[in-house]
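Me: Let's go through the side-chain contacts of this structure by question and answer. Keep the answers short.

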Amino acid sequence: MHHLCPPAWRLAPLALTAALLGSAPAAHADGNPWALGAQLAVGHDSNVLRTPAAQAQADTTVSAGVRLNLDQPFGRERLVLSGSLDRNHFQRYSDLDNTSYGLTSRLDFEAGDRLFGNVALDASQQAFNFDPSGGSARTALNQERNTRLALRLRQGVVTRLTLEGGAELQRRSESDPLFDYRALDRNAADVGVRYQYNPDLSVGGLLRYADGRYPSVGNDFTRSDLEAFAAWQVSGASNLDLRLTASHVNNSLSTVRDGSLWSGAVRWRWVPSGKTSLSLRVARDSDTGSNDVNLLGTALTFSDARVRTSLDLQGSWLASAKLRLDGQLSASRRRLDASLQALSDTSGHDTTKVARLTLSYQPLRNLETGCSLSREQRTTSGDVGSLSYPYAATVYSCYALAWLR
């Protein structure tokens, strides 16, 4: 199986959407709980199918879509919603023309004076293509759909000791039967405790249990996690988050290796002024059955990627009230094997590096424009076989977003 990072024809609308929704002013800032937006983005990718250099093909894409933001309090509850809908057109690979959407919603609620929580529903559809056979590029369109429903509860408000827990349902499906092996049903629940040692330091731990199934492959799995975490406000300008998880995994397929795993992450954020911010995250991930998206939105971990070690660096500089520069660097190293497909005992590593600069300009309150330039490169080591291969791509794109508030 090959893993390709999502190409620019998917990243252009989706990454820009995330950036725009994240950077747009809150819809309720002026007392208006909603905002409607329209976006047009044009991009060019030097290797649109993420194939080896000898097979690289360039393409130009145009993406047009709408946006919706809602932040509506009512009584002691609050509804927060962000939605996007895009039509993506390819100048050369018209068979990949597609419609993508994304919905993130959350309802915050209070039950009496001691119980607080939220219900979240996320849904998305996006083009997801990669070559599973190691041969030539596959140009048929595959639409991946993800749905997630989650409930989080916590006890107490201003208390040193807070109990918390939740449950989550995740479903993933593919429109192309060739990719049915990626279809996933996953359920998880956790319970934990958080202790506020002082205003600047909190620590805690939780127990999590998950069970899931890859229907077409016929593999059922269970996973138990014991996780410890801490949040430390180091100074008025910086904070530190730490997480360490010990896990045990069981699979119904004898070809898939069971056993103990560990993962962890350290994230540091520094905001020296209202114009500058910097964040650094180092992580080791081994999350069974999940889509683990890094901070750049460009590297995914699949079941065959048993371990991924990553480093992500992001910086932002507000040059003026209208001009903003964002920079991102990412490097991730995956340990791969073919155990899920029972193809062989092939194993190896690949390393993906991504660098991106985005310049955004807001000439008017309801109008934002910007351009982005990124470079992706992947190298391999060991006997990776058909699990991975090296490639490189340069992507640039520009967008315009208009809001009605």
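What follows is a set of questions and replies on a predicted model.

Me: Which strands each supply at least two residues of the nonpolar patch?
Reply: The patch is made by Phe74, Leu107, Leu115, Val119, Leu121, Leu149, Leu151, Leu153 and Leu169. Its area is about 640 Å². The strands that each give at least two of its residues are β5 (115–127) and β6 (143–155).

Me: Is Phe74 buried, partly exposed or exposed?
Reply: Phe74 is in strand β2, residues 59–74. Its relative accessible area is 41%. Buried needs under 20% and exposed needs over 50%. Phe74 therefore counts as partly exposed.

Me: How many salt bridges does the count come to?
Reply: Side chains of opposite charge can pair when their charged atoms come close. The cut-off here is 4 Å from a side-chain nitrogen of Lys or Arg to a carboxyl oxygen of Asp or Glu. By this rule the count is 21.

Me: What is the N to O distance between Arg50 and Asp45?
Reply: Arg50 and Asp45 are both buried. Their side chains meet in a salt bridge. The N to O distance is 2.8 Å.

Me: Asp190 and Arg152 meet in a salt bridge. Which of the two is buried?
Reply: The N to O distance of this bridge is 2.7 Å. The pair links distant parts of the chain, with Asp190 in strand β8 (residues 184–198) and Arg152 in strand β6, 38 residues apart. Arg152 has a relative accessible area of 30%, so this residue is partly exposed. At 16%, the buried partner is Asp190.

Me: Arg194 and Glu164 also meet in a salt bridge. Which of the two counts as buried?
Reply: Here the N to O distance is 3.5 Å. This pair links distant parts of the chain too: Arg194 is in strand β8 and Glu164 in strand β7 (residues 161–174), 30 residues apart. Arg194 is partly exposed at 28% relative accessibility. At 17%, the buried one is Glu164.

Me: Which residues are linked in a network of salt bridges?
Reply: Some side chains are joined in a network of salt bridges. The members are Arg208, Arg223, Asp225 and Glu227.

Me: Is the aromatic pair of Tyr214 and Phe221 stacked, tilted or edge-to-face?
Reply: The whole structure holds two aromatic pairs. In the pair of Tyr214 and Phe221, the ring centres are 5.9 Å apart and the planes meet at 40°. Stacked needs under 30 degrees and edge-to-face needs over 60. The pair therefore counts as tilted.

Me: What are the relative accessible areas of Tyr214 and Phe221?
Reply: Both values fall under the 20% limit, so each residue counts as buried. Tyr214 has 3%, and Phe221 has 1%.

Me: Is the aromatic pair of Trp268 and Trp270 stacked, tilted or edge-to-face?
Reply: Trp268 is partly exposed at 29% relative accessibility, and Trp270 is partly exposed at 36%. The centres of their rings are 6.2 Å apart. The planes are 10° apart, under the 30 degree limit, so the pair counts as stacked.

Me: Which residue lies over the face of Trp262?
Reply: Two arginines sit over rings. The charged end of Arg182 is over the ring of Phe128, 4.9 Å from its centre. Over Trp262, at 4.2 Å from the ring centre, lies Arg284.

Me: Is the disulfide of Cys371 and Cys398 right-handed or left-handed?
Reply: The structure holds one disulfide. Cys371 is joined to Cys398, with an S to S distance of 2.0 Å. The torsion about the S-S bond is about 105°, so the disulfide is right-handed.

Me: Which strands hold Cys371 and Cys398?
Reply: Cys371 is partly exposed at 37%, and Cys398 is partly exposed at 35%. The disulfide links distant parts of the chain, 27 residues apart. Cys371 is in strand β17 (residues 367–383), and Cys398 is in strand β18 (residues 391–404).

Me: How many Å apart in space are Pro215 and Leu184?
Reply: Pro215 is in the loop between β9 (201–214) and β10 (219–232). At 37% relative accessibility, Pro215 is partly exposed. Pro215 and Leu184 are 31 residues apart in sequence. Their C-alpha to C-alpha distance is 6.7 Å.

How values were computed
Residues numbered from 1 in each chain as written. Predicted model: local features only at pLDDT ≥ 70, side-chain atom pairs only at ≥ 80, totals over all residues. Heavy atoms only, no water. Patch = residues over 30% accessible without salt bridge, like charges linked within 9 Å, V, L, I, M, F, W, Y side chains within 5 Å. Areas by Shrake-Rupley, 256 points an atom, 1.4 Å probe, with all protein chains shown as cover. Helix = DSSP H or I, 4+ residues; strand = E, 2+ residues; numbered from the N terminus. Buried < 20%, exposed > 50% of the residue type's maximum accessible area, 1.4 Å probe, protein only. Phe/Tyr/Trp six-rings, centres within 6.5 Å; stacked < 30°, edge-to-face > 60°. Lys NZ or Arg CZ within 6 Å of the ring centre and 35° of its normal. Disulfide = S-S within 2.5 Å.
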